[in-house]
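Visitor: I'd like to learn how to read a model like this one, feature by feature. Can you walk me through it?

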Amino acid sequence: MGSKSNRSRRYTEEFKRDAVALVRSSGKTVTEVARQIGVSAEGLRNWVKQDTIDRGQGSPGALTTAERERLRRLAAEQAETIEVLRKAAVFFAKESDR
């Protein structure tokens, strides 16, 4: 077994863009490029796939990066709203017990 860390690395958007551009322009496979730049082949493959979607060439129904970010923000807002409503319900339940 290798000594791979379970922590996932975070790469900048610029690094990801450059890596995808290298795959598209080099004529090398994703695996070869991944090995060359020191990232996982699966991660690089996902970046290439997402770039294809962002260019409007993905499969029908595939979400662009912007759409994914919007959904993430909406989910966070919804969670905040639910928490406020939960606290309000607790408050009013205590008030009605008085």
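Visitor: Let's start with the rings: how many aromatic pairs does the count come to?

Guide: A word on the ground rules before the number. This is a predicted model, with residues numbered from 1 along each chain as its sequence is written. Local features need pLDDT of at least 70, side-chain atom pairs count only at pLDDT 80 or more, totals for chains, interfaces and linings use all residues, and side-chain values use heavy atoms, with hydrogens and water left out. As for pairing, rings of Phe, Tyr and Trp (its six-membered ring) pair if their centres lie within 6.5 Å; planes under 30 degrees apart are stacked, over 60 edge-to-face, and the rest tilted. By that rule there are 4 aromatic pairs.

Visitor: Why does the pair of Y11 and F15 get the label it does?

Guide: The ring centres of Y11 and F15 are 5.0 Å apart and the planes sit at 15 degrees, so this pair is stacked. F15 also pairs with W47, this time edge-to-face, at 6.2 Å centre to centre and 90 degrees between the planes.

Visitor: Which helices do F15 and W47 lie in?

Guide: Helices here are DSSP runs (H or I, at least four residues), numbered from the N terminus. F15 is in helix α1 (residues 13-26) and W47 in helix α3 (residues 41-54), so the pair ties together parts that are 32 residues apart in sequence. Put the rings together and Y11, F15 and W47 form one aromatic cluster.

Visitor: Is W47 buried or exposed?

Guide: Buried means under 20% relative accessible area, exposed means over 50%, and partly exposed is in between (1.4 Å probe, protein chains only). W47 is buried because its relative accessibility is 15%. Its cluster mates read otherwise: Y11 is partly exposed at 26%, and F15 is partly exposed at 29%.

Visitor: Now helix α2: which of its residues are buried?

Guide: In α2 (residues 30-37), V30, V33 and A34 are buried. Looking down the axis of α2, you find the buried residues within an arc of 100 degrees, so they line one face of the helix. That arc is taken over the directions from the helix axis to the C-beta atoms.

Visitor: What covers the buried residues of α2?

Guide: Cover is about contact, meaning heavy atoms within 4.5 Å. The cover over the buried residues of α2 includes α1 and α3. Just after α2 comes G38, with a positive phi near 80 degrees.

Visitor: And V48, what is it in contact with beyond its sequence neighbours?

Guide: V48 lies in helix α3 and counts as buried because its relative accessibility is 14%. Setting aside neighbours within four places in sequence, V48 is in contact with V20, V23 and R24. You can also check V48 against A19: they are 29 residues apart in sequence, yet 8.6 Å apart in space, C-alpha to C-alpha.

Visitor: On to charges. How many salt bridges does the count come to?

Guide: A salt bridge is a side-chain nitrogen of Lys or Arg within 4 Å of a carboxyl oxygen of Asp or Glu. The count comes to 7. One of them joins K16 and E13, with the closest N and O atoms 3.7 Å apart. These two are 3 residues apart in helix α1, so about one helical turn separates them. K16 itself is partly exposed, at 21%.

Visitor: Where do E69 and R72 lie?

Guide: Both are in helix α4, 3 residues apart, about one turn of the helix. E69 and R72 form a salt bridge whose closest N and O atoms are 2.6 Å apart. E69 is partly exposed at 31%, and R72 is partly exposed at 49%.

Visitor: What about E83 and R86, how far apart are their closest N and O atoms?

Guide: The closest N and O atoms in that salt bridge are 2.7 Å apart. E83 and R86 are both in helix α4, 3 residues apart, about one turn of the helix. E83 is partly exposed at 30%, as is R86 at 44%. Elsewhere, salt bridges that share partners join R24, D51 and R55 into one network.

Visitor: Last one: which residues form a nonpolar patch on the surface?

Guide: L63, L71 and L74 do, with about 230 Å² of accessible area together. Patches are made of residues with over 30% relative accessible area and no salt bridge; like charges are joined within 9 Å, nonpolar side chains (Val, Leu, Ile, Met, Phe, Trp, Tyr) within 5 Å. Areas come from the Shrake-Rupley method with a 1.4 Å probe, and for residues only the protein chains shown count as cover. L71 sits in helix α4 (residues 65-97) and is partly exposed, at 47% relative accessibility.
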